[in-house]
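Here is a short report on a protein with DNA. Keep the structure open as you read.

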Protein chains: 2
Amino acid sequence: MRFYSWNVNGFRSVLKKGFMDWLEEADPDVLSLQEIRCEWEEVDLSIRHQLESAYDICWFPATSKKGYAGSATLSKKDLGFSHAKGLGIEGCDAEGRMIVSRKDGLAFIAGYFPNASQGLVRLPFKRQFARDLAGIVARHHAAGDLVILTGDMNVAPEEIDLARPKDNTKNPGFTPEEREDFKLYLGAGLADVLRERNPDVPGLYTWWTARGGARERNVGWRIDLFLASRPLLDRVRDARIHAEVLGSDHCPISLELA
Amino acid sequence: MRFYSWNVNGFRSVLKKGFMDWLEEADPDVLSLQEIRCEWEEVDLSIRHQLESAYDICWFPATSKKGYAGSATLSKKDLGFSHAKGLGIEGCDAEGRMIVSRKDGLAFIAGYFPNASQGLVRLPFKRQFARDLAGIVARHHAAGDLVILTGDMNVAPEEIDLARPKDNTKNPGFTPEEREDFKLYLGAGLADVLRERNPDVPGLYTWWTARGGARERNVGWRIDLFLASRPLLDRVRDARIHAEVLGSDHCPISLELA
DNA sequence: CGTGATAAG
DNA sequence: CTTAACACG
C-alpha cells in the first residue's frame with residue numbers, strides 16, 4: 001500500500017502544471033493533499049469526474065477564509081477507507097487542516113499543520129494544535145490502533161533537516177518551541193520514518209522558498225514527513241522524497257507499507 | 001504636430017506588450033496616457049531614461065489610492081510645452097486625472113475622465129467634473145486660447161458610438177446624464193473631431209470589454225476622443241483610431257494638426 | 001516569489 | 001477578462 005502526501009499550494013494551480021499526469025504515474029493508494037485552497041465545486045468538472053471514478057475523496061476546504069489552507073484525502077475506492085473531517089480542535093477544523101482516515105486497525109491522520117507565521121504570531125495556536133494532536137495519537141495507540149501521521153508539518157525536526165539551521169532558529173518552522181513540540185509526536189509512539197532509515201543523510205528536503213533559486217541550489221527544509229507507529233516500521237518497504245516533481249513549492253513524499 | 005491619447009490600463013503592463021516599439025513607430029509629438037496605475041519610480045529605470053531623453057514628462061499618478069487611475073502627458077523636448085498637474089477640482093486631482101499642457105495660445109487638456117462605475121455610484125462625481133471642466137474650457141476660450149480636450153472620456157456621445165446602444169442606456173458610459181453632460185463640452189465651443197469628419201460612419205470604437213471576444217467582433221465603444229476648439233478644425237490633417245494597436249482594452253487615437 | 005481574493009474597470 | 005494591491009506562506 002502506497003501513501004503519498006503533497007502540499008500543492010493551490011490545487012487549481014497544480015492542475016495546470018500536470019497534476020493529473022503525476023497522479024497517473026505515481027498511482028497512490030492513499031493521497032493527502034494540503035493547501036488545496038479551493039472548494040471542490042471550483043475544480044473543473046472533468047477533473048472531478050476523473051478523480052471520483054478512482055478515489056473516495058474527502059475534500060476539506062477552510063470555512064474561515066476563502067482560498068486559504070484546506071486539505072483533502074483521496075483513497076482508492078476498493079480499499080474502503082472511511083474519512084472524517086477535522087480533529088475536534090477549535091480553529092484548526094475551520095481551516096480544513098486535518099482528516100482522519102481509517103481502515104481496520106489503521107488511522108491515517110493527515111493534513112496541513114499550522115504555520116507559526118511571521119513574527120511567530122501563530123506559535124501559541126500551533127503549540128496547542130501539537131499538544132492536542134499528540135493526545136489524539138496517544139489515544140489511538142491506547143485503543144490498539146496503528147497510526148500514520150503525515151502532511152506539511154511546518155517544522156524541520158533537527159538541524160540536518162534544513163540547509164541553514166543557524167540562520168533560522170528564530171524563524172517559523174525551526175524555533176526551539178516548534179522542535180520541542182514535534183517531539184510530542186515521537187513521545188506518543190511515532191517514528192520519523194525517512195530519518196530512521198537515513199539517519200545521517202543531509203540535503204533531504206521537501207520545501208524550498210520560491211525566492212531566488214533556492215530549489216535549484218537545494219537550499220530547502222524537510223517539513224513534510226511521514227511519522228508511523230513504531231510497530232509499523234518493519235512493514236516499511238520504501239520512504240521517499242520526490243524532489244524531482246515540480247508544480248508547488250513543496251514536493252510529494254511517499255511511504256510504502258507491506 | 002501629432003497628438004496621441006491612449007488609456008494603457010497599467011503602464012507597466014503595456015510596457016511588457018511592446019509599448020516602446022509602438023512609441024517609436026507612432027512617434028507622437030504630444031502623448032496623453034491614462035490609467036498609468038503606477039508611480040514614475042515603479043517604471044524600469046532604463047525605460048525612464050529612454051523616455052526622459054526624448055520627452056518632457058508630466059507623470060501624475062493618483063495619491064488617493066495606489067495602483068488606481070493616474071495620467072501622464074509627454075511632449076517632445078524641443079516643443080517647449082509647459083505641463084500643469086490637475087484642474088483644481090477636488091477629488092479629481094487626487095486621482096491624477098487631468099493635466100493641462102500649454103504652448104503659445106494652445107491648451108492641451110488631457111486625461112482620464114471619471115467612470116460612473118457599477119450602479120452609477122460615481123455619476124454625481126462625474127457630473128460635477130463635467131460641469132467644472134466645461135467651465136475651464138470656456139475660460140480658456142474667453143482668454144483667447146485654443147483648446148484640445150482629449151483622453152478617455154468614459155462616455156459614448158451618440159448611439160452610433162457604441163455597438164449596443166439599446167442595451168446600455170442604464171449602464172456607465174451611456175446614460176442620458178453622461179451624454180447630456182458631454183454636450184457641455186460642445187457648448188463650450190469644442191467639436192468632436194473624428195465625428196465631424198466621419199458623420200455617419202459606424203463601428204468606430206476605441207474600447208472593447210475584455211469579456212468574451214468583444215474586440216475580435218468589434219463590439220465596442222468610442223469613448224476616447226479628441227475635442228478641439230472649432231477654429232482648429234481647419235488645421236486638422238488627420239484624426240484616427242488605431243484599433244490595430246493591442247496591449248490594452250483601449251486603443252490609441254491621434255490628431256494631426258497643421 | 002507565487003497563489004488566490006479583491007476592487008476596479 | 002485584466003490590472004494591480006494585498007494576505008499568506
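## A contact to a base of strand C

This model is predicted. Start with Arg211(B). One of its polar side-chain atoms lies 3.2 Å from a base nitrogen of DNA strand C.

## The surroundings of strand C

How many residues are around DNA strand C? There are 17. Those that come nearest are Lys17(A), Arg37(A), Lys65(B), Tyr68(B) and Ser117(B). Both protein chains appear in that list. Sugar and phosphate make up 82% of the strand C atoms that come within 4 Å of the protein.

Two contacts to phosphate can be picked out. In Lys17(A), a side-chain N or O atom is 2.3 Å from a phosphate oxygen of DNA strand C. In Tyr68(B), a polar side-chain atom lies 2.6 Å from a phosphate oxygen of DNA strand C. What classes of residue form the surface near this strand? It has 8 charged, 6 polar and 3 nonpolar residues.

## The surroundings of strand D

Now turn to DNA strand D. Its surroundings hold 17 residues. Lys65(A), Tyr68(A), Ser117(A), Lys17(B) and Arg37(B) are the closest. Of the strand D atoms that come within 4 Å of the protein, 82% belong to sugar and phosphate. By class, the surface near DNA strand D has 8 charged residues, 6 polar and 3 nonpolar.

Which parts of the strand do particular residues meet? Tyr68(A) meets a phosphate: an N or O atom in its side chain is 2.6 Å from a phosphate oxygen of DNA strand D. Arg37(B) meets a base: an N or O atom in its side chain is 2.7 Å from a base oxygen of DNA strand D. Ala210(B) uses its backbone: a backbone N or O atom lies 3.2 Å from a sugar or linking oxygen of DNA strand D.

## Two helices in chain A

Next, look within the protein. In chain A, helix α4 covers residues 123-142 and helix α5 covers residues 176-187. Their axes come within 8 Å and cross at roughly 10 degrees. Angles under 35 degrees count as roughly parallel. That is why α4(A) is roughly parallel to α5(A). The crossing of α4(A) and α5(A) is left-handed.

Which residues meet here? From α4(A) come Leu123(A), Lys126(A), Arg127(A), Phe129(A), Ala130(A), Arg131(A), Leu133(A) and Ala134(A). From α5(A) come Glu177(A), Glu178(A), Asp181(A), Leu184(A) and Tyr185(A). The residues of this contact divide into 7 nonpolar and 6 charged, with no polar ones.

## Two helices in chain B

Chain B also has a helix α4, residues 123-142, and a helix α5, residues 176-187. They pack at an angle of about 10 degrees, with their axes 8 Å apart. The angle therefore makes α4(B) roughly parallel to α5(B). The crossing of α4(B) and α5(B) is left-handed.

On the α4(B) side, the contact includes Leu123(B), Phe129(B) and Leu133(B). On the α5(B) side, Leu184(B) and Tyr185(B) are among the residues that take part. How many residues of the contact of α4(B) with α5(B) are nonpolar, polar and charged? There are 7 nonpolar, no polar and 6 charged.

Methods: Residues are numbered from 1 along each chain as its sequence is written. Chains are lettered from A and ligands numbered from 1 in the order in which they are written. This is a predicted model: local features need pLDDT of at least 70, side-chain atom pairs count only at pLDDT 80 or more; totals for chains, interfaces and linings use all residues. Side-chain values use heavy atoms; hydrogens and water are left out. Axes are lines fitted to C-alpha atoms, for helices over the stretch in contact, and angles run from 0 to 180 degrees between N-to-C directions. Helices (H or I, at least four residues) and strands (E, at least two) are DSSP runs, numbered from the N terminus. Angles under 35 degrees count as roughly parallel, over 145 as roughly antiparallel, 65 to 115 as roughly perpendicular and the rest as oblique. A crossing is left-handed if the near helix is turned anticlockwise from the far one by less than a right angle, and right-handed if clockwise. Contact means heavy atoms within 4.5 Å. Ala, Val, Leu, Ile, Met, Phe, Trp, Tyr, Cys and Pro count as nonpolar, Asp, Glu, Lys and Arg as charged, and the others, Gly among them, as polar. A residue is near a molecule or strand if one of its heavy atoms lies within 4 Å of it. A polar contact is a pair of N or O atoms within 3.5 Å; within protein, one must be able to donate a hydrogen and the other to accept it, and residues adjacent in sequence count only if both atoms are side-chain atoms.
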